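Okay, everyone, thanks for coming. I'd like to walk you through one model today, so let's get it up on the screen.

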Amino acid sequence: MAKEKTLCLIKPDAVKANHIGEIIAILESQHFSILKMKLMKMNLNLAEKFYNVHKGKPFFDELVKFMTSGEIVALVLERENPIGKLREIVGNTDSNLAEDGTIRNKFGTDKGQNAIHASDAQETANYEISVIFGK
Ligand code: ATP
Ligand code: MG
């Protein structure tokens, strides 16, 4: 199987709680290679562009406020089946429902403050990588 890419964000709650290293260790243990990585703060424009697909949803304003509230770590990750595998180890959107051993189960708080973002499809990953890292 060919190697492909996905985008991962370590969200402000997990950065504030000093979980960057633990989360990256989990990713590397699952054979994700880090192709690009940066510590950054999203501004309003960038967060709205990144989450364009959620515009108009009831949680959009809360999401954008949360994602611009502090530093994040953005990563471009590579392995075989990266999107499916990352979604699996990230767990349910709601940290309280996230399966034992998943990243959100370990480090998330609730449905909004859930520690990590993972692209949900190849097209989305390509879009998100270009928004964060450029073409
Ligand atoms: P992500 O896109 O961050 O990997 P996801 O694909 O599991 O998460 P989405 O439905 O794409 O979930 O929602 C994007 C993000 O919006 C969620 O990760 C969460 O931070 C926030 N969110 C989603 N639903 C809610 C909600 N009902 N209340 C508060 N925040 C929410
Ligand atoms: Mg999503």
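So, in which sense do strand E1 and strand E3 pair, and over how many bridges? They pair in the antiparallel sense, over 8 bridges, with E1 covering residues 3–10 and E3 covering residues 72–80. Before I go on, keep in mind that this is a predicted model.

If you want a residue to hang that pairing on, look at Cys-8, which stands opposite Leu-75 in E3. Cys-8 also has a bridge partner in E4, and that one is Ala-118. Strand E4 is residues 116–118, and 3 bridges join E4 to E1, again antiparallel.

Now the other side of E3. Here E2 comes in, pairing with E3 in the antiparallel sense over 7 bridges. The pair to click on there is Lys-38, which stands opposite Ala-74 in E3.

Put that together and what do we get? An open sheet of 4 strands, in the order E2-E3-E1-E4, with antiparallel pairing. The edges are E2, residues 33–40, and E4, since each of those two pairs on one side only. On average, neighbouring strands in this sheet are turned by 20 degrees against each other, if you ignore direction.

What lies across the sheet strands? Helix H7, residues 122–133, lies across E1, E2, E3 and E4, and runs at about 55 degrees to E1.

Zooming out for a second, the protein chain has 7 helices and 4 strands. Reading from the N terminus, the elements go β-α-α-β-α-α-β-α-α-β-α.

And the overall dimensions? The C-alpha trace spans about 40 × 35 × 25 Å along its principal axes. The radius of gyration is 14 Å, and that agrees with a compact globule, because one with 135 residues would come out near 14 Å.

Okay, on to the part I guess you've been waiting for, the ligand. Which residues come nearest to ligand 1? Out of the 14 residues around ligand 1, those are Lys-11, Arg-87, Thr-93, Gly-112 and Asn-114.

Let's take a few polar contacts one at a time. In the side chain of Lys-11, an N or O atom sits 2.9 Å from an oxygen atom of ligand 1. With Gly-112, the backbone is involved: a polar backbone atom is 2.9 Å from an oxygen atom of ligand 1. Then there's His-117, with a polar side-chain atom 3.0 Å from an oxygen atom of the ligand.

How much of ligand 1 does the protein cover? On its own, ligand 1 has 580 Å² of accessible area, and the protein covers 82% of that.

That's my tour, so let's have your questions.

Notes: Residues numbered from 1 in each chain as written. Chains lettered and ligands numbered in written order. Predicted model: local features only at pLDDT ≥ 70, side-chain atom pairs only at ≥ 80, totals over all residues. Heavy atoms only, no water. Pairing = 2+ DSSP bridges. Axes fitted to C-alpha atoms, helices over the stretch in contact; angles between N-to-C directions. Contact = heavy atoms within 4.5 Å. Near = heavy atom within 4 Å. Polar contact = N/O pair within 3.5 Å; in protein donor to acceptor, adjacent residues only side chain to side chain. Areas by Shrake-Rupley, 256 points an atom, 1.4 Å probe, with all protein chains shown as cover. Rg over C-alpha atoms; globule rule 2.2 N^0.38 Å.
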